[in-house]
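Q: Could you take me through one part of this model up close, the residue listed in UniProt under "binding site"? I'd also like a look at the enclosed space inside the protein.

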Amino acid sequence: MKTIATITELRAALAEHRRAGKTVGLVPTMGYLHVGHMELVRRARGQNDVVVASIFVNPLQFGPNEDLSKYPRDLARDQAMLEEGGVDFLFSPGVSDMYPRPMETVVDVPKLGSELEGSVRPGHFAGVATVVTKLFNIVQPDRAYFGEKDFQQLQIIRRMVEDLAQPVEIIGVPTVREADGLACSSRNVYLNAEERQAAAIVPKALAEAERLVASGITDAGEVERAVTAFLSTEPLARPEVVALRDPDTLETIDAIGAKPVLLLLFVRFGTTKLLDNRVIAPKSAHFAKVA
């Protein structure tokens, strides 16, 4: 694996592979990798001739009250993991490499980006869309891989690619979970031992929502209130968002019909906010599967 810091060098390294007609897969990350990231790498390795992973802690997606400097970093550890995973090129630029001058150009998906997490982190998803577009322009991948755990981010990137006719296939990869069901996340490292044990309530809440929908409840508000109450049985859990949405548009729904619904959870433990989600098939769809 070759580690590259500059745009010019990476473009030159990939040019010969493109001339040979090889396909390129991109796994964009902010580093401090875990098994969920490595599943993205595994999928990319199986579907492409050349795999590029990027590690860049993007300042554009951090708000004024969010501490960019505290984001966990361990480049040497990440390099070893990516090399073992079969990555060909690690693109690890500094801020001055990616943004030699303050950015004047912004890519935004304002409707999707102002919902849910975007409502409490204004500008966050514009920062994500801008850096992802820049990475696509630099790497020019055939495919790019994103985890479904960050479902809102995934849908925003899909819409951006569709709207701008960007020539890249977006591959969503199912969430990888720890033994107790908690979604793998770089944020988990912030949890102390007591908070980490308490966080198991989050995947249990997803299962509870699925049980409620399967029981025939069709009122979205009723499900949201029941899941909020379920989460609140854990004293350390502070549910900030419990929302049933349309999985394609992220729009609010009032009633659960024949179409699957998306449950999104943002739950805080101490100073750490955990995100998780599940697409839930309604009761009729469960019966259809059995039939």
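A: Happy to! Contact here means heavy atoms within 4.5 Å. This is a predicted model, where local features need pLDDT (the predictor's confidence in each residue, from 0 to 100) of at least 70 and side-chain atom pairs count only at pLDDT 80 or more, while totals for chains, interfaces and linings use all residues. Residues are numbered from 1 along each chain as its sequence is written, and side-chain values use heavy atoms, with hydrogens and water left out.

The mean pLDDT of the chain is 94, and 97% of its residues reach 70 or more. Over residues 285-291, though, the pLDDT is below 50, and this stretch has three contacts in the model beyond near neighbours in sequence.

Now to your residue: an unreviewed UniProt entry lists Gln61 for "binding site", and such annotations may be inferred rather than shown by experiment. Gln61 sits in the loop between strand E3 (50-55) and helix H3 (75-84); helices (H or I, at least four residues) and strands (E, at least two) are DSSP runs, numbered from the N terminus. Gln61 counts as buried because its relative accessibility is 9%, buried being under 20% relative accessible area (1.4 Å probe, protein chains only). Leaving aside neighbours within four places in sequence, Gln61 is in contact with Met30, Glu66, Arg121, His124, Gly127, Val128 and Val131.

As for enclosed space, a cavity is a set of points on a 1 Å grid over the protein atoms alone where a 1.4 Å probe fits but cannot get out, and lining residues have an atom within 4 Å of a point. Points are joined across faces, edges and corners, and a volume is the space filled by probe spheres set on them. The count is one cavity of 30 Å³ or more. The largest cavity holds about 60 Å³ of space, and strand E9 (residues 272-280) gives the most to its lining, with three residues.

Note on methods
1 Å grid on protein atoms, 1.4 Å probe; cavity = no way out; pocket = protein on both sides within 12 Å on 5 of 7 lines; lining within 4 Å. Buried < 20%, exposed > 50% of the residue type's maximum accessible area, 1.4 Å probe, protein only.
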